[in-house]
Amino acid sequence: MRTVLVTGIRGKTGRQLAAALTRQPDIEVRGAGRSPVDLPGVRAIRFDWDEPAGWPEVLKGVSAIYLVKPNTRDPASTVASFLHSAREAERVVLLSEIACESRDESTDERKVEKIIEATPFDWTILRPNWFMQNFAEPGFYLEDVRDHGVLNVPTGGQPVSFVDTRDVAEVAAAALIGESHAGRAYTLTGPQALTFAEVGKKIGEVAGHPVRHTDQPLTAYLSEELAGGAPRFLIEYYRRIYTSIQNGQTAALSAAVEQVTGHPPRNFSAFVGENKDVWRRILAS
């Protein structure tokens with residue numbers, strides 16, 4: 001019996017990964033988070049990046065780790081310290097971001113990747129594109145799409161090959177328990193690139209109300225976010241990810257999902273059909 005630790009168990013990929021791993025034989029799934037979540041077949045354990053004294057207990061008996069970049073002041077140092085405590089682990093799979101390899105070496109995202117690449121573990125880096133689930137789950141675009149019919153994203157009209165988190169999870173599961181993924185970095189995308197205007201049209205067709213994309217200049221968007229109270233480090237992160245869209249880096253298509261899982265990546269139209277009810281407005285009676 002092998003034990004796999006899933007950090008970020010409440011996140012978009014963590015929940016899906018836990019489900020994928022529980023379908024595998026002889027795998028114990030340990031779901032780590034500040035507020036342990038009750039998922040079938042998952043042993044919940046409390047975990048906080050800011051409480052290193054508790055890390056050894058979280059890592060005890062763990063042979064493989066799914067790592068989501070921590071939201072700490074110095075993520076790379078946090079990851080390095082955490083992995084130093086992973087005495088029994090053999091593999092680590094990092095959830096990174098599309099085109100991260102081309103970002104400046106001083107960025108937190110790339111620094112964490114470099115930490116992973118320098119470890120003695122059998123490591124795999126996943127670089128997924130933007131998630132389809134960002135449109136259908138709370139806390140990202142869902143509320144604006146459902147309640148206001150707006151997608152306010154500074155893309156410069158460039159498309160994104162959105163990926164389904166279920167595909168990301170299946171690739172992560174393969175890398176955590178398979179034998180041929182060490183030292184590999186996978187760019188994970190869907191099968192087609194869509195502009196946010198095209199996304200809005202597809203969602204609007206099933207939601208029963210129009211969804212429009214407002215594509216304001218990046219500088220104006222960042223100024224509004226800063227005025228709204230977003231911290232400087234977050235503004236700079238926004239600058240990096242939206243510049244990546246505007247530079248065309250998120251339009252790339254990758255065959256990695258199919259190569260690893262054996263099936264084509266899920267497409268956006270099917271995703272919209274599965275989630276059509278979440279965007280329909282609740283009308284007062």
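The following exercises, with worked solutions, concern a predicted model.

**Exercise 1. The nonpolar cores**

Task: Determine which element gives the largest share of the largest nonpolar core, and which residues have the most contacts inside this core.

Solution.
Step 1. The largest nonpolar core has 33 residues. Those with the most contacts inside it are Val 6, Leu 17, Leu 21, Tyr 66, Leu 126, Leu 176 and Leu 188.
Step 2. The elements that give two or more residues to this core include the strands E1 (2-7), E2 (27-33), E4 (64-68), E5 (91-95) and E8 (184-188). Helices H1 (12-22), H6 (165-177) and H10 (256-261) also belong to this list.
Step 3. Helix H6 gives nine residues, the largest share of the core.
Step 4. A second core, separate from this one, has 30 residues, among them Val 160, Val 211, Ala 230 and Ile 245.

**Exercise 2. The surroundings of Tyr 66**

Task: State which residues Tyr 66 touches, leaving aside those up to four places away in sequence.

Solution. The residues touched by Tyr 66 are Leu 5, Val 6, Thr 7, Thr 13, Leu 17, Val 93, Leu 95, Ala 172 and Leu 176.

**Exercise 3. Trp 55**

Task: Decide whether Trp 55 is buried or exposed, and list the residues that it touches beyond four places in sequence.

Solution.
Step 1. Trp 55 lies in helix H2, residues 55-59.
Step 2. The relative accessible area of Trp 55 is 4%. Buried means under 20%, so Trp 55 is buried.
Step 3. Trp 55 touches Phe 47, Asp 48, Trp 49, Thr 78, Ser 81, Phe 82 and Ser 85.
Step 4. Trp 55 and Ser 81 are 26 residues apart in sequence, while their C-alpha atoms are 9.7 Å apart in space.

**Exercise 4. Two helix pairs**

Task: Classify the packing of H1 with H6 and that of H8 with H9.

Solution.
Step 1. The axes of H1 and H6 are 8 Å apart, and the packing angle is about 55°. H1 is therefore oblique to H6, and their crossing is right-handed.
Step 2. On the H1 side the contact includes Thr 13 and Leu 17, and on the H6 side it includes Ala 172 and Leu 176. The residues of this contact divide into nine nonpolar, three polar and two charged.
Step 3. The axes of H8 (residues 218-227) and H9 (residues 232-246) come within 10 Å and cross at roughly 155°. An angle over 145 degrees counts as roughly antiparallel, so H8 and H9 are roughly antiparallel to each other.
Step 4. The crossing of H8 and H9 is right-handed. Among the residues that meet are Tyr 221 and Leu 222 in H8, and Ile 235 and Tyr 238 in H9. This contact has seven nonpolar, two polar and three charged residues.

Conventions: Residues are numbered from 1 along each chain as its sequence is written. This is a predicted model: local features need pLDDT of at least 70, side-chain atom pairs count only at pLDDT 80 or more; totals for chains, interfaces and linings use all residues. Side-chain values use heavy atoms; hydrogens and water are left out. A nonpolar core is a set of buried Ala, Val, Leu, Ile, Met, Phe, Trp, Tyr and Cys residues joined through side-chain atoms within 4.5 Å. Buried means under 20% relative accessible area, exposed over 50%, partly exposed in between (1.4 Å probe, protein chains only). Helices (H or I, at least four residues) and strands (E, at least two) are DSSP runs, numbered from the N terminus. Contact means heavy atoms within 4.5 Å. Axes are lines fitted to C-alpha atoms, for helices over the stretch in contact, and angles run from 0 to 180 degrees between N-to-C directions. Angles under 35 degrees count as roughly parallel, over 145 as roughly antiparallel, 65 to 115 as roughly perpendicular and the rest as oblique. A crossing is left-handed if the near helix is turned anticlockwise from the far one by less than a right angle, and right-handed if clockwise. Ala, Val, Leu, Ile, Met, Phe, Trp, Tyr, Cys and Pro count as nonpolar, Asp, Glu, Lys and Arg as charged, and the others, Gly among them, as polar.
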